[in-house]
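Trainee: Please pick one part of this model and go through it closely, then show how it connects to the rest. Keep the terms explicit, with their cut-offs.

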Amino acid sequence: METSKLLFLSLALALAAASNAATAGAIPGHIHPLRPQLGSSAGRNIPGLNCLSWRLAVEADNIQHWTVVPKECENYVGNYMLGLQYRIDSKFVSGSAYVYAKNLTLGKDGKDVWVFDIDETSLSNLPYYAQPDNAFGAKPYNETTFTEWEKQGKAPALPATLWLYKRLLRLGFKIVFISGKTESLRAITVENMHNAGYTKWEKLILKNAEEKAEGLHAMEYKSRERTNLVKAGYRILGNMGDQWSDILGDNVGSRTFKLPNPMFYIA
Ligand SMILES: *[C@@H]1O[C@H](CO)[C@@H](O)[C@H](O)[C@H]1NC(C)=O
Ligand SMILES: *[C@@H]1O[C@H](CO)[C@@H](O)[C@H](O)[C@H]1NC(C)=O
Ligand SMILES: [Mg+2]
């Protein structure tokens, strides 16, 4: 069932690309009858199929350093994020991670860890991004309003990640959260995590003032934190994030898992 859905998605993406080629004049009208079936997860017909291709390129890290969602894809991304497909895609990632994790034999020394990112991985800021001022990433990032939102500590859990988190704990993994959030937000972040259902962890690593002043890219900062873990004797067996910068760099872990996020890009 899941496999056939995946196949359908792959096929749909391929056809969407082919359809754009057709529009450009390659095979006029050839794929056209399939178009109405290719709307967003919410079941609405979204004009401009290239938003699907754009999202695939984002998820595959084929386009980088983009700053806002293309204006014409605002509705597409909104429908994707609020519709079922985002949840289904996230669940597929967590499910795949669990299939991998439950097959591992852990050491007896309590040093086997699973690394999770926080924003758009453990917690969801969708209530913030869905506001018209943010338009699912189609409006430029506003640090002021995002920090105000963070300070409220109201972000819900991403259900797929919470599901995996609970199972990993049961399997005996130690959990390490590594986030680019600043240390000054520790108290509210911890409260938010608890309220969302994340009640136990080995470490919750945030960026301190000096690290923030260094201006490292997320990939460099996270690489360094993971390297510190490895130097402390931890074995990173899994690593999950919504950005490629969560899962590229040094000591990324035995396996990495990329959650969907078509709303923003962090290098
Ligand atoms: C489970 O682990 C075994 C031994 O390491 C490996 O050969 C097999 O491919 C793994 N299966 C899955 C589904 O990961
Ligand atoms: C961020 O949002 C606030 C409140 O809406 C606004 O006053 C400010 O100009 C915005 N900043 C940027 C850089 O857009
Ligand atoms: Mg994130």
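Mentor: I will start from one residue and work outwards. Leaving aside residues up to four places away in sequence, I236 touches V113, V115, R226, L229, V230, N251, G253 and S254; two residues are in contact when their C-beta atoms, placed from the backbone, lie within 7 Å. Residues are numbered from 1 along each chain as its sequence is written, while chains are lettered from A and ligands numbered from 1 in the order in which they are written. This is a predicted model, in which local features need pLDDT of at least 70 and side-chain atom pairs count only at pLDDT 80 or more, whereas totals for chains, interfaces and linings use all residues.

I236 also belongs to a wider group. The largest nonpolar core has 30 residues, and V113, W114, V115, L168, V176, F177 and I236 touch the most other members. At least two residues of this core come from each of helix 4 (84–101), strand 1 (112–116), helix 7 (159–171), strand 2 (174–182), helix 8 (186–196), strand 3 (203–207) and strand 4 (235–241). There is also a second, separate core of 16 residues, with W54, Y80, M81 and Y86 among them. Such a core is a set of buried Ala, Val, Leu, Ile, Met, Phe, Trp, Tyr and Cys residues joined through C-beta atoms within 7 Å. Buried means 20 or more other C-beta atoms within 10 Å of a residue's own, exposed means 12 or fewer, and partly exposed lies in between, with C-beta atoms placed from the backbone. Helices (H or I, at least four residues) and strands (E, at least two) are DSSP runs, numbered from the N terminus. In soluble globular proteins, nonpolar side chains tend to be buried together.

Now strand 4 itself. Of its 7 residues, 6 are buried, so strand 4 is largely enclosed by the rest of the structure. Strand 4 runs parallel to strand 1, joined by 5 bridges, and G238 in strand 4 stands opposite W114. Strand 4 also runs parallel to strand 5 (residues 255–258), here through 4 bridges, with F257 in strand 5 as the bridge partner of M240. Two strands count as paired if DSSP finds at least two bridges between them.

These pairings belong to an open sheet of 5 strands in the order 3-2-1-4-5, with parallel pairing. The edges are strand 3 and strand 5, each with a single partner strand, so one side of each has no neighbour in the sheet. Ignoring direction, neighbouring strands of this sheet are turned by 20° against each other on average; the axes are lines fitted to C-alpha atoms, for helices over the stretch in contact, and angles run from 0 to 180 degrees between N-to-C directions.

On the other side of strand 1, 4 bridges connect strand 1 to strand 2, and the two run parallel. F116 has F177 in strand 2 as its bridge partner. Strand 2 is mostly covered, with 7 of its 9 residues buried. Strand 2 and strand 3 pair in the parallel sense over 4 bridges, with I178 opposite I205 in strand 3.

Helix 4 meets this sheet through A97, which has its place in that helix. A97 is buried, with 23 other C-beta atoms within 10 Å. Not counting residues up to four places away in sequence, A97 touches L164, G238, M240 and F257. The C-alpha atoms of A97 and T161 are 10.0 Å apart, although 64 residues separate them in sequence.

Back to the contacts of I236: N251 is found in the loop between helix 11 (244–247) and strand 5. N251 is partly exposed, with 19 other C-beta atoms within 10 Å, and its phi is near 45°, a positive value in a residue other than glycine. G107, by comparison, sits in the loop between helix 4 and strand 1 and is exposed, with 11 other C-beta atoms within 10 Å. Its C-alpha atom lies 9.4 Å from that of R235, which is 128 residues away along the chain.

For context, the protein chain has 11 helices and 5 strands, and buried residues make up 34% of its 267 residues. Among contacts with a separation of 6 or more, 74% are between residues 24 or more positions apart.
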